[in-house]
Amino acid sequence: EAGKLREEREERIRDRTEDAKKVVWKMISRNDEYEVLVQGVSLGRVREDGIGKWKIHPDFKWGSTYARRAIVEDNYTSFLDSGRALVDLWIIS
């Protein structure tokens, strides 16, 4: 039972990792908010806070663990870095 659950989780991570190679950033507000899409499905948005720090805002359940919370609460230096962090969070969720 535990082995089967582990296999299913690993397969989901492999599938999402493959899908993540097809990321699209859609501009919502010029240079300070982007929607992040994978295979046409929105994962959420990334926003600049006005002082050069970017935050992620996931639109999916991500299961609050220490490592995942750290990804969500971190500050990023660009929309690309924050978008990649959002995709990473989605892959491991």
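**Group meeting: a walk through a predicted fold**

Hi everyone, let me open with one detail: the side chain of Arg69 makes a polar contact with the side chain of Ser64, at 2.8 Å. By polar contact I mean a pair of N or O atoms within 3.5 Å, where, within protein, one must be able to donate a hydrogen and the other to accept it, and residues adjacent in sequence count only if both atoms are side-chain atoms.

Before going on, some housekeeping. This is a predicted model, so local features need pLDDT of at least 70 and side-chain atom pairs count only at pLDDT 80 or more, while totals for chains, interfaces and linings use all residues. Residues are numbered from 1 along each chain as its sequence is written, and side-chain values use heavy atoms, with hydrogens and water left out.

Now the overall picture. The protein chain has three helices and four strands, and from the N terminus on they run α-β-β-β-β-α-α. Helices (H or I, at least four residues) and strands (E, at least two) are DSSP runs, numbered from the N terminus. Along its principal axes the C-alpha trace spans about 50 × 30 × 15 Å. Of the 93 residues, 29% are buried; buried means under 20% relative accessible area, exposed over 50%, and partly exposed in between, with a 1.4 Å probe and protein chains only. Taking contact as heavy atoms within 4.5 Å, residues 24 or more positions apart account for 37% of the contacts with a separation of 6 or more.

Back to Arg69 for a moment. Arg69 sits in helix H2 and, because its relative accessible area is 31%, counts as partly exposed. Beyond four places in sequence, Arg69 touches Trp62 and Ser64. Its C-alpha atom is separated by 12 Å from that of Leu86, 17 residues apart along the chain.

Leu86 takes us to helix H3, residues 79-92. How far apart are the end C-alpha atoms of H3? They are 20 Å apart, which agrees with the 20 Å that 14 residues should span at 1.5 Å a residue; the expected span is 1.5 Å times one less than the number of residues. At the start of H3, a side-chain oxygen of Ser78 comes to within 3.3 Å of the backbone nitrogen of Leu80.

H3 has a good number of buried residues to show you: Ser82, Gly83, Ala85, Leu86, Val87, Leu89, Trp90 and Ile91. What covers them includes helices H1 (2-19) and H2 (66-73), along with strands S1 (23-29), S2 (33-38), S3 (41-48) and S4 (54-58).

That brings up the core. The largest nonpolar core has 18 residues, and those with the most contacts inside it are Leu43, Val46, Ile56, Leu86 and Val87. Two or more residues each come from S2, S3, S4, H2 and H3, and H3 gives the most, with six. A nonpolar core here is a set of buried Ala, Val, Leu, Ile, Met, Phe, Trp, Tyr and Cys residues joined through side-chain atoms within 4.5 Å. In soluble globular proteins, nonpolar side chains tend to be buried together.

Take Ile56 as a way in. Leaving aside neighbours within four places in sequence, Ile56 is in contact with Arg45, Val46, Ile71, Val72, Tyr76, Ser82, Leu86 and Leu89.

Next, a charged residue. Which side chain of opposite charge is nearest to Glu35? Lys26, at 4.0 Å, yet Glu35 is buried and has no salt bridge. A salt bridge is a side-chain nitrogen of Lys or Arg within 4 Å of a carboxyl oxygen of Asp or Glu. For charge, Lys and Arg count as positive and Asp and Glu as negative, with His and the chain ends not counted. Glu35 lies in strand S2, and its side chain makes a polar contact with that of Ser42, at 2.8 Å. Outside its neighbours within four places, contacts of Glu35 include Val24, Trp25, Ile28 and Gly44.

As for Lys26, in strand S1, it counts as partly exposed because its relative accessibility is 44%. Lys26 touches Glu33, Tyr34, Glu35 and Leu37, not counting residues up to four places away in sequence.

Finally, two loop residues with positive phi. Asn31, in the loop between S1 and S2, has phi near 65° without being a glycine, and Asn31 is exposed at 52% relative accessible area. Gln39, in the loop between S2 and S3, is not a glycine either and has a phi of about 55°; Gln39 is partly exposed at 46%.

Thanks for listening!
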